Amino acid sequence: MNQIQIPQQKLLRRHFLKLSGLSSVSLLLGGCGTPLFEDIVGKVSEPLNQKVETLIFNPEKLAPEFPISEIEPEALIVNSFNFTPKIDSTKFRLVVDGTVNKFLSLSMTEIQQMPLASMVIRHVCVEGWAAIVQWGGVRLRDIINLAQPKPEAKYVYFKSADGYYESWDLASCMHPQTLMAYQKNGQPLPIDNGAPLRLASPIKLGYKQSKWVTNIILSDRLLPVKGYWEDQGYEWYAGL
């Protein structure tokens, strides 16, 4: 099992810094690339920035959406932390387990038979760039509801085919604009952008939006490893 060093300091969102009265901060900037999730059971404290964000987050408030005419097809930069995996979409299965009552193993055909949601939103990268993109797919909350989460479920982990791992709070996963996307700008999702399935949402920074997602694991706690970039010092909540 690979050992992952957990940093002593976490980045805090600028919004929190304003709330706490701090005048300025130098944010560490890095890639929005998308190692392996380690099944470690341990009691860890909730990130400080999550406690603040929970107070101001409205799980039903919609982020701005844009007309199709404002899509920026060349603006979405392709970043990867490791490599681009080769995935046979005909054999692909999305596995959902953890703190749920119903284990799921969904094919792309089954996922595409679920109600299609499409939105034109701004993808924001911590590097300082943004792109307006149309994503199409299934609302993540529809998949989670199929798995029947247990009452104690509070967090959701995502494992990707390239070894990337990420975690979200359950409320953000249930937001109506959080998708498991398989379309980009009205076309099948390109492999470089995360095909066959990726996270897409206007309420989180780009490094939270995992590509090539293969596993969704619900949990009642945050584990010592929280996310590839977070474990190197990035903010965990990363809300917009």
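**Note on the aromatic contacts and the open sheet**

1. The charged end of K204 sits over the ring of W168, at 5.5 Å from the ring centre. K204 also lies over the face of Y237, where the distance to the ring centre is 3.6 Å. These placements come from a predicted model and should be read as such.

2. As to confidence, the protein chain has a mean pLDDT of 81, with 76% of its residues at 70 or more. Residues 1-45 have a pLDDT below 50, although this stretch has 96 contacts in the model beyond near neighbours in sequence. Where pLDDT is low, the predicted coordinates should not be read in detail.

3. How many aromatic pairs does a search of the whole structure find? The search returns 7. One of them joins Y164 and Y228, with 5.7 Å from centre to centre and 45 degrees between the planes, and this pair is tilted. Y164 belongs to the loop between strand 5 (155-160) and strand 6 (165-169), while Y228 belongs to the segment after strand 10 (213-219); the pair therefore ties together parts that are 64 residues apart in sequence. Are Y164 and Y228 buried or exposed? Both are buried.

4. A further pair is formed by W236 and Y237: the ring centres are 6.2 Å apart and the planes stand at 65 degrees, so this pair is edge-to-face. W236 and Y237 are both buried. Y237 is thus named twice in this note, since the face of its ring also lies under K204.

5. Y164 and Y228 also belong to one aromatic cluster, together with Y207, W229 and Y234.

6. Turning to the sheet, 5 strands form an open arrangement in the order 2-1-10-5-6, and the pairing is mixed. Strand 2 (104-107) and strand 6 stand at the edges; each has a single partner strand, so one side of each is left without a neighbour in the sheet. Neighbouring strands of this sheet are turned against each other by 20 degrees on average, direction ignored.

7. Within that order, strand 1 (residues 93-98) and strand 10 run parallel and are joined by 4 bridges. Which residue of strand 10 is the bridge partner of V95? The partner is N215.

8. Helix 4 (residues 140-147) lies across strand 1, strand 2, strand 5 and strand 10. Relative to strand 2, helix 4 runs at about 135 degrees.

Technical notes:
Residues are numbered from 1 along each chain as its sequence is written. This is a predicted model: local features need pLDDT of at least 70, side-chain atom pairs count only at pLDDT 80 or more; totals for chains, interfaces and linings use all residues. Side-chain values use heavy atoms; hydrogens and water are left out. Rings of Phe, Tyr and Trp (its six-membered ring) pair if their centres lie within 6.5 Å; planes under 30 degrees apart count as stacked, over 60 as edge-to-face and the rest as tilted. Helices (H or I, at least four residues) and strands (E, at least two) are DSSP runs, numbered from the N terminus. Buried means under 20% relative accessible area, exposed over 50%, partly exposed in between (1.4 Å probe, protein chains only). A charge sits over a ring if NZ of Lys or CZ of Arg is within 6 Å of the ring centre and within 35 degrees of the ring normal. Two strands pair if DSSP finds at least two bridges between them. Axes are lines fitted to C-alpha atoms, for helices over the stretch in contact, and angles run from 0 to 180 degrees between N-to-C directions. Contact means heavy atoms within 4.5 Å. pLDDT is the predictor's confidence in each residue, from 0 to 100.
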